[in-house]
Amino acid sequence: MEGILLAQKDVYDVIIIGSGPAGYTSALYAARANLKVIIIAGVTPGGQLMLTGQVENFPGFPEGIPGPELMERMKEQALKFGAEIIYDDAIDVDFSSSPYRVVTSSEEYLGHSIIIATGAAPRWLGLESEKRLIGRGVSSCATCDAPLFKDAENVVIVGGGDSAMEYALFTANIARKVTVIHRRDKLRASKIMQERAFSNPKITFVWNSTVTDILGEEKVRGVKVKNLLTGEESIIQCDAVFVAIGHKPSTDIFKNKIELDDEGYIITRDVVKTNVPGVFAAGDVHDKKYRQAITAAGFGCMAALEAIRYVEEVKSKAQHGQA
Ligand code: NAP
């Protein structure tokens, strides 16, 4: 009997993998519902907002808030209600039998329910200068950071997809000029986004070209561009560079464990449910459309409410001796 009790004590009600807005919000809701919750936050916690300067579009902060501070506050709020946190990466999962298993590099955790909030990482060009200037004019989120470049002389957008067009249109409302640099002579973006961008007089295009360097020491001053057809190099002056060359969902450890789409995003039904009962997805790991801190937090809330209901059912079945 004691052995059984000990084993039960070791099972978490909810294990949350990931520590962006979705992860912390789900932890807050689940812990506040008195569930035993652990956040596997990763060795670099906080998600994409840790790379964002000032967040001006998260409701409740009219004066704006630095991304890392917002994440620290979300974490504090979750921990206040009793969620535990460990700073380790999940390296494997086993959803084949309940309770589910999450393995980190140093431990193994059991949970009745799992919330996957591992997010998606923006793809980068891979330049040393790009890494150095992130948060100083280089960003992967124009919606987050373009307002910091009000009336800038020129802002460069790299990419030719819907994100790049959305960034260009959004930034054109803020900066004086926007230059889209794309590696081909055709956009990948949808027709309607293309038309909008082409008809905006503030947006110009540089075709068949890649950015080979980002110039500036303390902040962005310009980009070095290479024309892929002629090999010719030129410099375009600008105050910011928004890289929009796609995202990669962080789902490597879930391959063959839950349903993923061709791009690796988790496939959900009823918004946050995966194909495995009791395993939920929240935030950029399944949402390729909105990708905002506030929408991720919303998905985190929904996943937690579903997890709370699921755990109640599991416990009630166990109490009544059902499998
Ligand atoms: P995407 O459609 O994959 O486009 C990525 C773009 O970046 C492509 O034009 C690609 O060039 C370029 N690219 C990739 N790697 C590059 C590199 N190393 N150097 C330079 N350029 C590179 O990604 P996305 O625009 O983020 O869109 C992702 C999904 O979200 C899409 O399904 C999109 O429709 C959707 N989305 C929709 C909306 C909307 O409807 N408002 C907004 C945003 C996103 P190539 O074209 O040559 O491959």
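Me: Which residue in strand 16 is the bridge partner of Lys 224?

Reply: Ile 235 is the partner of Lys 224 in strand 16. The model is predicted.

Me: What makes strand 15 and strand 16 a pair?

Reply: At least two bridges are needed for two strands to pair. Five bridges join strand 15 (residues 222–227) to strand 16 (residues 233–237), so the two strands pair. They run antiparallel.

Me: How many residues lie between the strands of this hairpin, and what phi does Gly 231 take there?

Reply: The hairpin of strand 15 and strand 16 has five residues between the strands. Gly 231 takes a positive phi near 80°.

Me: Why is Val 285 called buried?

Reply: Buried means under 20% relative accessible area. Val 285 has 0% relative accessibility, so Val 285 counts as buried. Val 285 is in the loop between strand 19 (279–281) and helix 8 (293–319).

Me: What does Val 285 touch, leaving out residues up to four places away in sequence?

Reply: Its contacts are Ile 116, Thr 118, Gly 119, Pro 249, Ser 250, Thr 251, Tyr 265 and Ile 266. As for Lys 248, its C-alpha is 8.8 Å from that of Val 285, with 37 residues of sequence separation.

Me: Why is Ser 140 called buried when its relative accessibility is 10%?

Reply: The cut-off is under 20%. At 10%, Ser 140 therefore counts as buried. Ser 140 is found in the loop between strand 10 (138–139) and helix 5 (142–145). Sequence neighbours up to four places away aside, Ser 140 touches Gln 48, Pro 122, Trp 124, Tyr 167 and Val 243.

Me: What makes the approach of Glu 166 to the ligand a polar contact?

Reply: A polar contact is a pair of N or O atoms within 3.5 Å. A side-chain N or O atom of Glu 166 is 2.9 Å from a nitrogen atom of the ligand, so this pair is a polar contact. The same cut-off admits Arg 184, where a side-chain N or O atom is 2.7 Å from an oxygen atom of the ligand. Arg 183 has a polar side-chain atom 2.9 Å from an oxygen atom of the ligand. Taken alone the ligand exposes 910 Å², of which the protein buries 72%.

Me: How many residues surround the ligand, and which are the closest?

Reply: There are 16 residues around the ligand, and the closest are Asp 162, Ser 163, Glu 166, Arg 184 and Arg 188. Helix 6 (residues 162–172) gives the most to this shell, with three residues. By type, the shell divides into four nonpolar, five polar and seven charged residues.

Key. Residues numbered from 1 in each chain as written. Predicted model: local features only at pLDDT ≥ 70, side-chain atom pairs only at ≥ 80, totals over all residues. Heavy atoms only, no water. Near = heavy atom within 4 Å. Polar contact = N/O pair within 3.5 Å; in protein donor to acceptor, adjacent residues only side chain to side chain. Areas by Shrake-Rupley, 256 points an atom, 1.4 Å probe, with all protein chains shown as cover. Helix = DSSP H or I, 4+ residues; strand = E, 2+ residues; numbered from the N terminus. Nonpolar A, V, L, I, M, F, W, Y, C, P; charged D, E, K, R; others polar. Buried < 20%, exposed > 50% of the residue type's maximum accessible area, 1.4 Å probe, protein only. Contact = heavy atoms within 4.5 Å.
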